[in-house]
Amino acid sequence: MDAILVINAGSSSLKFQIFAVAGDDLSHHVRGQIDGIGVRPRLRATGADGEVLIDQAFTPKDVPDLPAAITETRTWLNGLERFRFRAIGHRVVHGGPRYDGPVLIDANVLKQLASYQDLAPLHQPNNLAPIQLAMEIAPEVPQVACFDTAFHRGHDEIASSYALPSAFYEEGVRRYGFHGLSYEYITGRLSEIMPDAVKGKVIIAHLGSGASMCAVSDGRSIESTMGFTALDGLPMGTRPGQLDPGVVLHLITAKGMSADAVSDLLYHESGLKGLSGQSSDMRDLLASKNPRAALAVDHFVYRSGMMAGMLAAALGGLDAFVFTAGVGENSPEIRARIADKLGWLGVEIDHVANEAGATCISTHASRIALYVIPTDEELVIARHTLTIVREKAQL
C-alpha cells in the first residue's frame, strides 16, 4: 500500500501519522507518538479504527533524547510491511523570509532551514533532526517541509513590520506568525461547516501548550498574535507571551543573566509554569486550589480576551470565533471564560452545547458565532506533501 508518513517532532515528543494514498485521496491509517522522552518514554500507536497497534514503555536510559526516540520509532515503522512510504512530510515551525509554502527538501534547503534555528530554538532543531536522519538512511524517499509561518506570509507590510530601521526588515526581522498549518486546516473545515462564516471576519484561537490567535478575513490571515518568534502574544505553557523588550534588557544588564539564561527562562520557565510555580498544564491548574494556579489561569483568560479584541479591531469587526488545539478543544471552562470576556462584541455562549463539546456553542441570539473545531495539522502536511511530490515527478 502506497503511503505518506507525516512527522511532527517536538522537544519531548515525536508524533507521526500514516496516510494511505489512492489517486488523489488520502486516508488515515495509523496515528502514534513517542512521548515522555528522557523521563517516561512511551511509544503508542493506533490504527484507523482505534485499535491499539503498540503501547510500549522504555526506560529513560533507552530513550534519553530525540535521536533515540527517532530510532525506536523508525524500527517500529519498518515492521509495517503493508506500507510503502513514497514520501515523508514534516512540520517545520519556521520558514524564515525565504519560504512561503511547502518545499521539497535537499541538502541546500536543510542548510537554509538550520540557519533559522535561533528564531525558533524550542522547535526548529527538533523539526530538522528526523529530516537529517531520513536523508542519511533513505535518501531515495522524497521529503517535504511544511511551515507554520507560511499561512501568514500574505500579511501586509504594515502588519508584518516592526518600528525598526528598514534594513532589519530586509534581513528578515519581521512579524511572521505561527501555527499556520493548524489555521489552514481550520479555515478549510470552517468553509465546509459554515461557508458564509469563512468568507467573513473570523478569529481562530489555537489554544494549547503553545497558544496564539489569528485574524482571518475571507479565508486569508491578516494578523496574528505571534511575531518574530513563537514567544510573542498569548501566555503559554512555558512561554510568557507579549513582553516589554525592556524586561530582557533588564535581565541582562541589571540581573547579569547571559543570553542563554534569558532564553532558557523565556522558553522553559515562564508562562503558566512561571506564574503558577506549579505546572504548565492547564488541566493541573484548573484542578488546583493553589492561588498562584488560579492567577495563572486568570491571566491566560484576561490576555486571551484582550488579544481577541486587538484582532477584532484589525478585522474591523467579527463574525465568528473558533476554538481549537488541546485547551481550546477540551476545556469547556476556558472556552466559557474567554467567551464571557467577548460579551462586549455580542458573544453569547450556549453553556449546554459548550459542556457537551458541540461544534457550534453560541446561542441563536449571539451576534458572533462560536465554534469548536478539532485541528489536524498532519492532514494538511500530507496533502501538501502529495501535491509537491507529484508536481516534481511531472517535471
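The following paragraphs lead through the strands, a helix, the aromatic contacts and the cysteines of this structure, which is a predicted model.

The eight-stranded sheet offers a suitable starting point. It is open, its strands follow the order β5-β4-β3-β2-β1-β6-β8-β7, and their pairing is mixed. At its edges stand β5 (52-57) and β7 (103-104), each of which pairs on one side only. Within the sheet, strand β1 (residues 2-9) runs parallel to strand β6 (residues 84-92), and six bridges join the two. One position in this pairing can be located through Val 6, whose bridge partner in β6 is Gly 89.

Antiparallel pairing appears at β3, β4 and β5. Strand β3 (residues 25-35) is joined to β4 by six bridges, the two strands running antiparallel, and Gln 33 stands opposite Arg 44 in β4. These two strands form a hairpin with six residues between them, and in the turn Gly 36 has a positive phi of about 65 degrees. Strand β4 is also joined to β5, by five bridges and again in the antiparallel sense; here Leu 43 has Gln 56 in β5 as its bridge partner. A hairpin is formed by β4 and β5 as well, with four residues between them, and Gly 50 in its turn has a positive phi of about 90 degrees.

Strand β4 (residues 42-47) also repays attention for its side chains, which alternate along the strand. Leu 43, Ala 45 and Gly 47 point to one face and are buried, whereas Arg 42, Arg 44 and Thr 46 point to the other face and are not buried. Arg 44, the residue opposite Gln 33, therefore belongs to the face of β4 that is not buried.The second sheet to consider is an open one of five strands, in the order β11-β10-β9-β12-β13, and its pairing is also mixed. Because β11 (220-224) and β13 (369-372) stand at the edges with a single partner strand each, one side of each is left without a neighbour in the sheet. From one strand to the next, the twist averages 25 degrees. The partner of the edge strand β13 is strand β12 (residues 320-324), and the two pair in the parallel sense over four bridges. In this pairing, Val 322 stands opposite Tyr 371 in β13.

Among the helices, α6 (residues 180-193) has 14 residues and reaches 20 Å from its first C-alpha to its last, close to the 20 Å expected at 1.5 Å a residue. Its buried residues are Gly 180, Leu 181, Ser 182, Tyr 183, Tyr 185, Ile 186, Thr 187 and Leu 190.

Aromatic contacts come next. The structure holds five aromatic pairs. One is formed by Phe 83 and Phe 85, and it is stacked because the ring centres lie 6.4 Å apart and the planes meet at 10 degrees. Phe 83 is buried, at 6% relative accessibility, while Phe 85 is partly exposed, with a relative accessible area of 22%. A ring also takes part in a contact with a charge: the charged end of Arg 174 sits over the ring of Tyr 169, 4.1 Å from its centre.

The cysteines remain. A disulfide is a covalent bond between the sulfur atoms of two cysteines, and a search of the whole structure finds zero of them. Why does Cys 146 form no bond with the closest cysteine sulfur, in Cys 214? The two sulfurs are 18 Å apart, which is too far for a bond. Both residues are nevertheless buried: Cys 146 has a relative accessible area of 0%, and Cys 214 has 0% relative accessibility.

Key. Residues are numbered from 1 along each chain as its sequence is written. This is a predicted model: local features need pLDDT of at least 70, side-chain atom pairs count only at pLDDT 80 or more; totals for chains, interfaces and linings use all residues. Side-chain values use heavy atoms; hydrogens and water are left out. A disulfide is a pair of cysteine sulfur atoms within 2.5 Å. Buried means under 20% relative accessible area, exposed over 50%, partly exposed in between (1.4 Å probe, protein chains only). Rings of Phe, Tyr and Trp (its six-membered ring) pair if their centres lie within 6.5 Å; planes under 30 degrees apart count as stacked, over 60 as edge-to-face and the rest as tilted. A charge sits over a ring if NZ of Lys or CZ of Arg is within 6 Å of the ring centre and within 35 degrees of the ring normal. The expected span of a helix is 1.5 Å times one less than its number of residues. Two strands pair if DSSP finds at least two bridges between them. Axes are lines fitted to C-alpha atoms, for helices over the stretch in contact, and angles run from 0 to 180 degrees between N-to-C directions.
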